[in-house]
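Q: Please take a close look at one part of this protein, namely the mixed sheet and the helices that lie across it. A connected account of its strands, their pairing and the helix packing would be welcome.

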Amino acid sequence: MTKTETVGQSAITAEDAFLAFHDLTPDGFMMFRPLRDDDGRIVDLEWTFVNKAAGNIVGREPEDLIGRYLLVEMPGNKDKGLFDAYVSVIETGQTWQSEFHYDHGGITAWFRTTAARSGNGLALSFADISEIRKGDERLRDLIDGVLAFVGVLSLDGTLLEANEPAVAAAGGDRDLVIGRPFWDCYWWDVGQATKDRLKQAIATAARGKRVRYDAEIRVVGDQRLWIDFQIAPVFDSAGNVTELIPSGVDITERKRSEAHRELLINELSHRVKNTLATIQSIAGQTVRTAASMEDFRTSFNARLRALAASHELLVEFDHQVVPLTALVEGQVRPYAADEARLRIEGTDILLPGEIAHSLGLILHELAANASKYGALSAETGNVTVSWRVEAAKDRRNLVLDWVERDGPEVLPPTRRGFGTRLIERSLASNDDSSEVRYDPEGISCRLVMALQ
């Protein structure tokens, strides 16, 4: 018998009240009874109740569905695996809940559904959540579209969610990162110190404090990136931390720029020290060999100009390398009266800055000496500068020859001059070498310098 309630002259069954209630709710509600074959297997579901909201959602009049069969009217339920889930609910009594996208028979929407056994049949409650899902997708697209890595952590450091750039940076497999301790995820496999600092940051954020620092992470291909890393706590209305939001912005280029700037500063400091030491040495040697103050001033200024010329070439080529041809032209050409008196032979190569500095001063001394006493002091004299690169056992050597011809007869010097000492000092640091010959027909000098 059906339990009844008496209100005035009317008697309403509990089932009528239950169905009337669901007819007023905004969610769709349907009830089914199973259709079984001769073996007792459920082969379809027959509608026994459809509320107004359900009819509106699926675009059918509720009365038109009563007595009809689910797989006949909406076969998409079979294709999506929904029918099998409903059968399982009836057979086992276990409630089933899910969100899914349905696109069959003119119905295209996202649904949130709960299925429960009711007597021997099925009660189905569902809601169209398409707008909610669109909002979620827009938020997901926004988060995935930003250049930053963003995620969600539980208070114990488990990664609950991560945006697409972060997952892609870990190789694109969400299963390898979601649900794992954050410090054990792919990004942080760069050393124990990195992991320990991350654990400490998570513990600090779980206590309600924001943490921020620059961190080096690992990305797909075993490359390294620097990120501006933050962990921000999320609070509920009572002020308790509920979850943590880690994020990181790629600052690799900034780090590279900082490293390059630091390198340039160190390089500048190194060059300034070397330059000052060279100037001190030039001044000391020049004053000891100068016949008068005017002679000192002339020689010293010329050597400073040679040093400045080498610096200008280094600046022009970004302090890294200097073309050898340009160095020879800059240091020697000013001393030659015309083009024919300076011959340059050799395939142009790029010299490291330190070698260019030393070689520039040597070429200046050779050219200055040639203009005062050697081939360039006579109208018929000429200088040939030639070079080649030779492979040695553990290094590559620049072999440069300076040859003077058709100038005054050369006599061996009676004392070692400044030029000779400068050449020897410039070549001493790298086990380089020089050989100067004072042949009667002209001075010859061979320099061997390691191209390091």
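A: The account below starts with the model as a whole and then turns to the sheet and its helices.

The model is predicted, so local features are reported only at pLDDT of at least 70 and side-chain atom pairs only at pLDDT 80 or more, while totals for chains, interfaces and linings use all residues. Residues are numbered from 1 along each chain as its sequence is written, and side-chain values use heavy atoms, with hydrogens and water left out.

The protein contains 14 helices and 19 strands; these are DSSP runs numbered from the N terminus, helices being H or I of at least four residues and strands E of at least two. Of its 452 residues, 39% are buried, where buried means under 20% relative accessible area, exposed over 50% and partly exposed in between, with a 1.4 Å probe and protein chains only. Among contacts with a separation of 6 or more, 52% are between residues 24 or more positions apart, a contact being heavy atoms within 4.5 Å.

The part in question is an open sheet of five strands in the order S14-S16-S17-S19-S18, and its pairing is mixed. Two strands count as paired if DSSP finds at least two bridges between them. Strand S14 (342-345) and S18 stand at the edges; each has a single partner strand, so one side of each is left without a neighbour in the sheet. Direction ignored, neighbouring strands are turned by 10° against each other on average; such angles run from 0 to 180 degrees between N-to-C directions, with axes as lines fitted to C-alpha atoms, for helices over the stretch in contact.

At one edge, S14 pairs with strand S16 (residues 382-391) in the parallel sense over four bridges. Within this pair, Ile-344 stands opposite Val-385 of S16. At the other edge, strand S18 (residues 433-439) and strand S19 (residues 442-450) are antiparallel and share seven bridges. A hairpin of two residues joins S18 to S19, and Ser-434 has Leu-447 of S19 as its bridge partner. Cys-445 is buried, with a relative accessible area of 2%. A search of the whole structure for disulfides, defined as pairs of cysteine sulfur atoms within 2.5 Å, finds zero.

Two helices lie across strands of this sheet. H12 lies across S14, S16 and strand S17 (396-405), and runs at about 155° to S16. H13 lies across S17 and S19, at about 10° to S17.

These helices also meet each other. The axes of helix H12 (residues 324-332) and helix H13 (residues 353-372) come within 9 Å and cross at roughly 35°. Their crossing is right-handed, the term for a near helix turned clockwise from the far one by less than a right angle, whereas an anticlockwise turn is left-handed. H12 contributes Leu-324, Leu-327, Val-328, Gln-331 and Val-332 to the contact, and H13 contributes Ala-356, Leu-359, Gly-360, Leu-363, His-364 and Ala-367. By class, the contact of H12 with H13 has eight nonpolar, three polar and no charged residues. In this classification Ala, Val, Leu, Ile, Met, Phe, Trp, Tyr, Cys and Pro are nonpolar, Asp, Glu, Lys and Arg are charged, and the others, Gly among them, are polar.
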